[in-house]
Amino acid sequence: MEFIELKTNIRTTTGNGPARRLRRTGQIPAVFYGPGTESVLLSVNISDIDRVLKKGRIGQVLLNLVIPDNGETSTKTAMVKELQIHPVSRNFLHIDFYEIAMDSKIVVNVPIITTGKSKGVEIGGILQIIKRELEVQCLPLDVPKSIEIDITDLNIGDSIHVGDIPRQNEVEFLDDENFTVVTIVIPKIEEEEEPVEEEEEEGEADIAEEGEEKPESDDEK
């Protein structure tokens, strides 16, 4: 897997105000941390984050994080732990970098990709993807870009569970083995409601009115 170099800057201020000013200059606040590592406040260029995201999914890209250190620089191996995005503008708000060791396993989510066309779909069934990514544990260099599932032999009513998926290298699936990942279901047939004839409704209303006794008026009493 490719390592991407990402340059950072040391950040000395915290809070919403400084963070907004930082974003106006084309940077976003960040933090670097890890087991046995003191947290370091950083900032990174938004354009550089865009470049990283074009290389792969958040949580899968391996980074060589270049951090200024007393006039020099140090390089740390890291992954993006969390990227906060504004729900409306979709602008980046904050990013967390987590230090990793190449000889220690990490936990990541890997997307699922289906291949082939199932027998069930060919005769009218519908492919239903229940889980679109799996949580896996492996060494950083063994993280797969995706997990492929061949659905060619699936008929209507058939399913593939986590335990049915072949393991790749030293990748360990952390989800329950009995959890359904994909299935082929029968399409729902919507029953058409029979239109009620207005004439019948009107006729029934007339009969009901004729059968009702009118209340006596004060003159008839």
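Reader: In which sense do S10 and S13 pair, parallel or antiparallel?
Author: Happy to start there, with the reminder that this is a predicted model. One bridge partnership places Gln137 opposite Glu172 of S13. S10 and S13 are joined over 2 bridges, and the sense of their pairing is antiparallel.

Reader: Which strands stand at the edges of the sheet, and why is one side of each left without a neighbour?
Author: The sheet is open, with 4 strands in the order S11-S8-S10-S13 and mixed pairing. A strand with a single partner has one side left without a neighbour in the sheet, so the edge strands are S11 and S13 (172-173).

Reader: Which strand gives the largest share of the largest nonpolar core?
Author: That core has 23 residues, and Leu134, Val136, Ile165 and Phe173 have the most contacts inside it. Strands S8 (106-115), S10 (133-138), S11 (147-150) and S14 (180-185) each supply at least two of its residues. The largest share, 4 residues, comes from S8.

Reader: Leaving aside neighbours within four places in sequence, which residues is Ile165 in contact with?
Author: Ile165 is among the residues with the most contacts inside the core. Beyond those sequence neighbours, its contacts are Leu134, Ile147, Ile149, Ile160, Phe173 and Val181.

Reader: Arg11 is buried yet has no salt bridge; which backbone oxygen does its side chain reach?
Author: Arg11 sits in the loop between strand S2 (9-10) and helix H1 (16-24). The nearest side chain of opposite charge, Asp96, is 7.5 Å away, and a salt bridge needs a distance within 4 Å. At 2.8 Å, the Arg11 side chain instead reaches the backbone oxygen of Leu42.

Definitions and conventions:
Residues are numbered from 1 along each chain as its sequence is written. This is a predicted model: local features need pLDDT of at least 70, side-chain atom pairs count only at pLDDT 80 or more; totals for chains, interfaces and linings use all residues. Side-chain values use heavy atoms; hydrogens and water are left out. A nonpolar core is a set of buried Ala, Val, Leu, Ile, Met, Phe, Trp, Tyr and Cys residues joined through side-chain atoms within 4.5 Å. Buried means under 20% relative accessible area, exposed over 50%, partly exposed in between (1.4 Å probe, protein chains only). Contact means heavy atoms within 4.5 Å. Lys and Arg count as positive and Asp and Glu as negative; His and the chain ends are not counted. A polar contact is a pair of N or O atoms within 3.5 Å; within protein, one must be able to donate a hydrogen and the other to accept it, and residues adjacent in sequence count only if both atoms are side-chain atoms. Two strands pair if DSSP finds at least two bridges between them.
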